[in-house]
Amino acid sequence: MEYEGLTQEHLTNVRALNRAWLRLRPWDSKGPPRFSDTRLERLASAPFLLFSFREHDDQWWRLLLDGGPQQDLLEERPIMSIDLIALQLAGLAFLSELARRNPYVARLISGAPLSWCEQIASGALVDMLDCGARCLLIESRFDDASALHKRLWRCGGGAPQEMRVFAQTGALQAMLTSRELVPYRRMPAAACRMPQPAQQVGGEV
């Protein structure tokens with residue numbers, strides 16, 4: 001099946017979510033200081049989400065969406081601001097809808113494995129939004145102490161434009177290639193549905 005590639009509409013939504021995240025980062029004591037409007041817009045223009053929904057942590061998401069007693073195994077829930085909750089809800093709604101319509105783009109902008117896209121696409125949106133309203137789901141996509149993060153923050157928000165594009169492209173490439181491949185759980189079933197080659201009779205060409 002072919003999917004539509006990344007469009008300007010997708011990038012506009014990614015930029016808006018990144019902008020909201022950057023404005024909220026001061027709630028994290030380890031985060032960078034507030035940016036000027038120009039620097040914030042340059043950082044927000046990255047073609048991927050600067051924050052993560054912990055897309056590679058399948059077990060954590062299963063516990064989160066289970067809604068049962070195992071919820072207690074999750075980390076302590078901090079008091080969240082209205083703006084942070086709004087960002088989580090907007091991000092989840094955007095990625096959930098995108099995972100249903102175009103999982104290729106959902107994976108491209110979030111670095112998520114296909115299994116996570118299937119999980120949020122198949123679940124009830126109201127359940128995920130409920131999680132977004134009561135649990136802290138998002139975190140910085142890159143380790144703040146890493147060279148990659150520092151380069152992105154230094155060059156991705158500065159000038160000249162060539163350096164910004166270089167830093168953002170390098171971060172995107174690292175995001176898409178640095179994780180170990182997550183096994184696609186439907187692969188065996190898909191393989192079973194493939195037509196089997198006819199058994200060749202010995203001696204025949």
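# A guided tour from Ser140

Begin by selecting Ser140, which is found in strand 2. The model on display is predicted. Ser140 counts as buried, because its relative accessibility is 18% and the cut-off for buried is under 20%. Now show its side chain. One polar atom of this side chain lies 3.0 Å from the backbone oxygen of Phe142. The Ser140 side chain also makes a polar contact, at 3.4 Å, with the side chain of Asp144. Beyond residues up to four places away in sequence, Ser140 touches Trp21, Arg25, Leu50, Ser52 and His149.

**The whole chain**

Zoom out and colour the chain by secondary structure. There are 10 helices and two strands. From beginning to end of the sequence, these elements follow the pattern α-α-β-α-α-α-α-α-β-α-α-α. The chain has 205 residues, of which 39% count as buried. Among contacts between residues at least 6 apart in sequence, 73% join residues at least 24 apart.

**Arg141**

Next, select Arg141, in the loop between strand 2 (139-140) and helix 8 (147-155). Is Arg141 buried or exposed? Arg141 is buried, with a relative accessible area of 13%. A polar atom of the Arg141 side chain lies 2.6 Å from the backbone oxygen of Leu49. Display the residues in contact with Arg141, leaving aside its neighbours within four places in sequence: they are Phe48, Leu49, Leu50, Phe51, Ser52, Glu55, Ile109, Ser110 and Met175.

**Arg54**

Move to Arg54, placed in the loop between strand 1 (51-52) and helix 3. Most residues other than glycine have a negative phi. Arg54 is not a glycine, yet its phi is positive, at about 55°. Arg54 counts as buried at 19% relative accessibility.

**Helix 3**

Select residues 58-66, which form helix 3. Which of its residues are buried? They are Trp60, Trp61, Leu63 and Leu64. Look down the axis of helix 3: these buried residues fall within an arc of 160°, so they line one face of the helix. An α-helix has 3.6 residues a turn, so residues three or four places apart point the same way. On the face turned away from the buried side of helix 3, find the exposed residues Gln59 and Arg62. Then show what covers the buried residues of helix 3, which includes helix 4 (82-101), helix 6 (114-122) and helix 7 (125-134).

**The nonpolar core**

In soluble globular proteins, nonpolar side chains tend to be buried together. In this model, the largest nonpolar core has 46 residues, and Leu22, Phe48 and Phe53 touch the most other members. Helix 4 gives the most to this core, with seven residues. Select Phe53 and display its contacts. Not counting residues up to four places away in sequence, Phe53 touches Trp60 and Trp61, along with Gln88, Gly91, Leu92, Leu95, Trp116, Leu137 and Ile138. Trp60 and Trp61 were met above among the buried residues of helix 3.

**Ser96 and its surroundings**

Stay with helix 4 and select Ser96, which has its place there. Ser96 is buried, with a relative accessible area of 1%. Its side chain makes a polar contact of 2.5 Å with the side chain of Arg100. A polar atom of the Ser96 side chain also lies 3.3 Å from the backbone oxygen of Ile120. Ser96 and Ile120 are 24 residues apart in sequence, but their C-alpha atoms are 5.5 Å apart in space. Apart from residues up to four places away in sequence, Ser96 touches Ile120, Ala121, Leu125 and Met128.

**Glu118**

Now select Glu118, which lies in helix 6. At 12% relative accessibility, Glu118 counts as buried. Add Pro103 to the selection: the two residues are 15 apart along the chain, and their C-alpha atoms are separated by 8.3 Å.

**Helix 5 and helix 9**

For the last stop, select helix 5 (residues 103-110) and helix 9 (residues 161-177). Two packed helices are described by the angle between their axes and the distance between the axes. How do these two lie relative to each other, parallel or perpendicular? The axes of helix 5 and helix 9 come within 8 Å and cross at roughly 115°. The two helices are therefore roughly perpendicular to each other. Display the side chains where they meet: helix 5 makes the contact through Arg107, Leu108, Ile109 and Ser110, and helix 9 through Leu172, Met175 and Leu176. Three of these residues, Ile109, Ser110 and Met175, are also in contact with Arg141.

Technical notes
Residues numbered from 1 in each chain as written. Predicted model: local features only at pLDDT ≥ 70, side-chain atom pairs only at ≥ 80, totals over all residues. Heavy atoms only, no water. Buried < 20%, exposed > 50% of the residue type's maximum accessible area, 1.4 Å probe, protein only. Helix = DSSP H or I, 4+ residues; strand = E, 2+ residues; numbered from the N terminus. Arc of directions from axis to C-beta. Contact = heavy atoms within 4.5 Å. Polar contact = N/O pair within 3.5 Å; in protein donor to acceptor, adjacent residues only side chain to side chain. Core = buried A, V, L, I, M, F, W, Y, C linked by side-chain atoms within 4.5 Å. Axes fitted to C-alpha atoms, helices over the stretch in contact; angles between N-to-C directions. Parallel < 35°, antiparallel > 145°, perpendicular 65-115°, else oblique.
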